[in-house]
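Me: I'd like to practise reading contacts, burial and ring pairs in a model. Could you walk me through some examples?

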Amino acid sequence: MSKKGPTKGSGGKGRRSLEGKGPTPKAEDRPYHKAYRAKQLSERSAAKRSTGNRTDRIKVNAEFVTGRNSVVEALRAGIPAKALHVAIRVDVDDRVRESLKLSAAQGIPLMEASKQELDRMTDGAIHQGLALQIPPYEYKDAVQLATKTIKDYDRGYTNSQPLFLALDGITDPRNLGAIVRSASAFGADGVIIPERRSVGMTASAWKTSAGAAVRVPVAKCSNLTSALKEIKAAGIFVIGLDAGGDMELPNFELATGPLCIVVGSEGKGLSRLVRENCDAIVSIPIDSAMESLNASMAVGISLYEVSRLRNQGTK
C-alpha cells in the first residue's frame, strides 16, 4: 500500500517558505496603522519648525491679552503691543472692528493666524479669534528711580513730595495691576517690586492697570530689604502697612514728607526683615471681624489718606 503525499524531499526549494517573514514591524512603521500617520504628521511638524515656520517664531510663553472684550479694552487703554493676531475668517462683530481700527491707528502690526496657531500661541486660552501680543516690560532700577526723584524735588523740578509703593510678596498680577492703577490715580512716582517671589508686569497686570503702567513706572530691585535701606539713606521715609502697627493711618505725621509705603501679601503681611527696616508700621483701622484687607485695597485707602493730608497741608 503506497503512502499519500510526496515520498521525496524538495531538494531545498521549500526552505525559504519555512523561514517566515521575520519580526512584526512596529505599529508606527506599518502604513495602514494610525500610529504610522501620527508619526508622519509629527515629522512634518518638526520639519516646519526647523525651516523657520512663522508660528514657531512666536514663543508659546509670550504674553497675550486674549478675548474680544479684553483686547478692545487693552487697545482703548493704550497698552503697548507688538502685534494683534486675528484668526483667519474670524466672525466680525463691533469689538473686532474696533480692535482692527484701534490697532491700525496705533501702528500695531496685524497678523493672520489659524485657530490652531492661536490656540498654540496663547497656551489654550479662550481667545475668540483675537490675541494681543504684549512686549516684555522694561523695568526701572528701584534705587536709581527713588534717588533721582528726590533729587528732582530738592532742585525744584517738581512740586510734589516723592511718593513710592514697595510690594513685599505680592504674587497676583491683578493685585499688581490694581496697585499701579491706584498709584497713577494719586500721583505716585513709582511702584517697586523685588526680582524674586513677586509678580511682574504680565499681560494680566497690564489689563488690570487699564494702561496706568504707561504713566507710573514699575521698578525692580534684587533685594527689597537692601533697596529700602538705600531709599531711607536718600531721605525717604519708609512705612509698612500691617496690623497692630505703631500708629494708625488717619492723620499719621509722616504723610506730608517724602514717603515709601510698603505693603505685604494678604494673610502673611510684611516679611520680618522688611518690617524691621521700616521707619514705622502703620495700620488701617478696620472692623475686628475682618482679618485683613486685600493688598490693592489697602494701598488705595493709604494713598487716599496721604493725598488728603498733603492737600490739607497746602491750604
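Me: Leaving aside its neighbours within four places in sequence, which residues is Pro-194 in contact with?

Reply: Happy to help, and please keep in mind that this is a predicted model. Setting aside neighbours up to four places away in sequence, Pro-194 is in contact with Leu-167, Cys-221 and Leu-224. Pro-194 itself belongs to strand 7. You can also look at the backbone: the C-alpha atoms of Pro-194 and Ala-166 are separated by 8.5 Å, although the two residues are 28 residues apart along the chain.

Me: Is Pro-194 buried or exposed?

Reply: Burial is read from relative accessible area, and buried means under 20%. Pro-194 has 9%, so this proline is buried.

Me: Let's turn to a helix. Which residues of helix 3 are buried, and what covers them?

Reply: In helix 3 (residues 68-76), the buried residues are Arg-68, Ser-70, Val-71, Val-72, Ala-74 and Leu-75. Their cover includes strand 1 (63-66), strand 2 (83-87), helix 4 (94-105), strand 4 (130-134) and helix 8 (203-209). Have a look just past the end of helix 3 as well, where Gly-78 adopts a positive phi of about 75°.

Me: How many disulfides are there in the whole structure?

Reply: Searching the whole structure gives zero disulfides. Cys-260, for instance, is in none, and the nearest cysteine sulfur, that of Cys-278, is 8.2 Å away.

Me: Why is there no bond between Cys-278 and Cys-260?

Reply: A disulfide requires two cysteine sulfur atoms within 2.5 Å. The sulfur of Cys-278 has its closest cysteine sulfur in Cys-260, and because 8.2 Å lies between them, they are too far apart for a bond. As for burial, Cys-260 counts as buried at 0% relative accessibility, and Cys-278 counts as buried at 10%.

Me: What about the aromatic rings: how many pairs does a search find?

Reply: Three aromatic pairs turn up in the whole structure. For Phe-186 and Tyr-304, the ring centres are 6.5 Å apart and the planes meet at 75°, so this pair is edge-to-face. It joins distant parts of the chain, 118 residues apart: Phe-186 lies in the loop between helix 7 (173-185) and strand 7 (190-194), while Tyr-304 is in helix 11 (residues 295-314). Phe-186 counts as partly exposed, at 29% relative accessibility.

Me: Which residues do ring pairs link into a cluster?

Reply: That cluster consists of Tyr-137, Tyr-139 and Trp-206. Tyr-139 also has a charged partner: the charged end of Lys-220 sits over its ring, 4.4 Å from the centre.

Conventions:
Residues are numbered from 1 along each chain as its sequence is written. This is a predicted model: local features need pLDDT of at least 70, side-chain atom pairs count only at pLDDT 80 or more; totals for chains, interfaces and linings use all residues. Side-chain values use heavy atoms; hydrogens and water are left out. Buried means under 20% relative accessible area, exposed over 50%, partly exposed in between (1.4 Å probe, protein chains only). Rings of Phe, Tyr and Trp (its six-membered ring) pair if their centres lie within 6.5 Å; planes under 30 degrees apart count as stacked, over 60 as edge-to-face and the rest as tilted. Helices (H or I, at least four residues) and strands (E, at least two) are DSSP runs, numbered from the N terminus. A charge sits over a ring if NZ of Lys or CZ of Arg is within 6 Å of the ring centre and within 35 degrees of the ring normal. Contact means heavy atoms within 4.5 Å.
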